[in-house]
Amino acid sequence: MRLDYDFYRRDVVVVAEELLGMNLVRILDGKRLVCRIVETEAYRGPEDKGCHAYGNRRTKRTEAMFHPGGCAYIYLIYGMHYMLNIVAAEADQPQAVLIRAGEPLEGVEEMQRLRGLKTNDQRQLLNGPGKLCQALAITMAFNGYDLVTGEELFVERPQTLPDYPIARAKRINIDYAEEYKDKLWRFYLAGNPNVSRS
DNA sequence: CACAGGATCCACT
DNA sequence: GTGGATCCTGTGA
């Protein structure tokens, strides 16, 4: 079952936690690339100093975060890596969930090809937000993409959710966010070998 | 127009 | 554990 607008249009912290265990599906040239979401972070503008939309900063770049929940927000970081975020909450509330890591389920060979790694270690395919985008061929073309109606990228609830306890932690690499850098807005499946950091 | 810096990754040690 | 790659965005002149 594909997740609907009602799922996404809630508080971003709730959405971030509940996205754990869901299946992220990318249809690339008819091929199914599927992974289980194992690590997320919530960014909760306008009050969150770690969020690009802090203070309701609304620019061409952050525009998608102001859209109603259920679409993608993509941006480029360090000049080379794309980040996949899923927009949450209602329109004009700039909240988004960063998808930080996944567990490969289908289309592993294609993911390996897209990653172009030397190793065959499957844990290294999706254990970081930039890696995940590279393995699923997600680029700026998906910025603003509707994940509820789209054919090439969406999220499904699996028949049975995986049996891992959920861990909460501080978000990664936002040292500048002052009192918001210590918020426990990072969620991951504890013990899953595909998380970027435990 | 120029510039500083970032929600990262990989190879190598 | 370290350093380099690499480029877009926001800001201020």
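What follows is a chat between a student and a teacher about reading a predicted model of a protein with two DNA strands.

Reader: Before we start, what kind of model is this, and how are things numbered?

Author: It's a predicted model, where local features need pLDDT of at least 70, side-chain atom pairs count only at pLDDT 80 or more, and totals for chains, interfaces and linings use all residues. Residues are numbered from 1 along each chain as its sequence is written, chains are lettered from A and ligands numbered from 1 in the order in which they are written, and side-chain values use heavy atoms, with hydrogens and water left out.

Reader: Let's try a helix. Which residues of α3 are buried?

Author: Two terms first. Helices are DSSP runs of H or I with at least four residues, strands are runs of E with at least two, and both are numbered from the N terminus. Buried means under 20% relative accessible area, exposed means over 50%, and partly exposed is in between, using a 1.4 Å probe and protein chains only. In α3, which spans residues 108–115, the buried ones are Val108, Glu110, Met111 and Arg115. They sit on the same side of α3, because they cover an arc of only 160 degrees around the axis. That arc is taken from the directions from the helix axis to the C-beta atoms.

Reader: Why would residues a few places apart point the same way?

Author: An α-helix has 3.6 residues a turn, so residues three or four places apart point the same way. Over on the other side of α3, Glu109 and Arg113 are exposed.

Reader: And what covers the buried residues of α3?

Author: The cover includes β1 (23–28), β2 (31–44), β5 (95–106) and α4 (129–135). Just after α3 comes glycine 116, with a positive phi near 60 degrees.

Reader: What about the largest nonpolar core: which members touch the most others?

Author: A nonpolar core is a set of buried Ala, Val, Leu, Ile, Met, Phe, Trp, Tyr and Cys residues joined through side-chain atoms within 4.5 Å. The largest one here has 63 residues, and Tyr8, Leu19, Leu24, Leu84 and Val155 touch the most other members. β2 gives the most to this core, with six residues. For contacts in general, the rule is heavy atoms within 4.5 Å. Skipping residues up to four places away in sequence, valine 155 touches a list that includes Met1, Tyr8, Leu19, Asn23 and Leu147.

Reader: Is glutamate 39 buried or exposed?

Author: Buried: glutamate 39 has a relative accessible area of 0%, and its place is in strand β2. Its side chain makes a polar contact of 2.9 Å with the side chain of arginine 186. A polar contact is a pair of N or O atoms within 3.5 Å; within protein, one must be able to donate a hydrogen and the other to accept it, and residues adjacent in sequence count only if both atoms are side-chain atoms.

Reader: And where is glutamine 95 found?

Author: In strand β5. Glutamine 95 counts as buried, at 7% relative accessibility. Its side chain reaches the backbone nitrogen of valine 12 at 2.9 Å.

Reader: How about lysine 170: where is it?

Author: Lysine 170 is in the loop between β7 (166–169) and β8 (186–189), and counts as partly exposed at 45% relative accessibility. Its side chain and that of aspartate 182 are joined by a polar contact of 3.4 Å.

Reader: Now the DNA! Which residues are closest to strand B?

Author: A residue is near a strand if one of its heavy atoms lies within 4 Å of it. DNA strand B is surrounded by 23 residues, the closest being Tyr75, Asn85, Arg115, Asn173 and Tyr176. A side-chain N or O atom of asparagine 173 is 2.5 Å from a phosphate oxygen of strand B. Two or more residues of the surface near this strand come from each of β3 (72–77), β4 (81–87), β5 and α4. Looking at the atoms of strand B within 4 Å of the protein, 61% belong to sugar or phosphate and the rest to bases.

Reader: Which residues are around strand C?

Author: Arg57, Thr59, Arg61, Leu76, Tyr78, Gly79 and Met80. A polar backbone atom of tyrosine 78 is 2.8 Å from a base oxygen of DNA strand C. For glycine 79, a backbone N or O atom lies 3.3 Å from a sugar or linking oxygen of that strand. Of the strand C atoms within 4 Å of the protein, 76% belong to sugar or phosphate, and the rest to bases.
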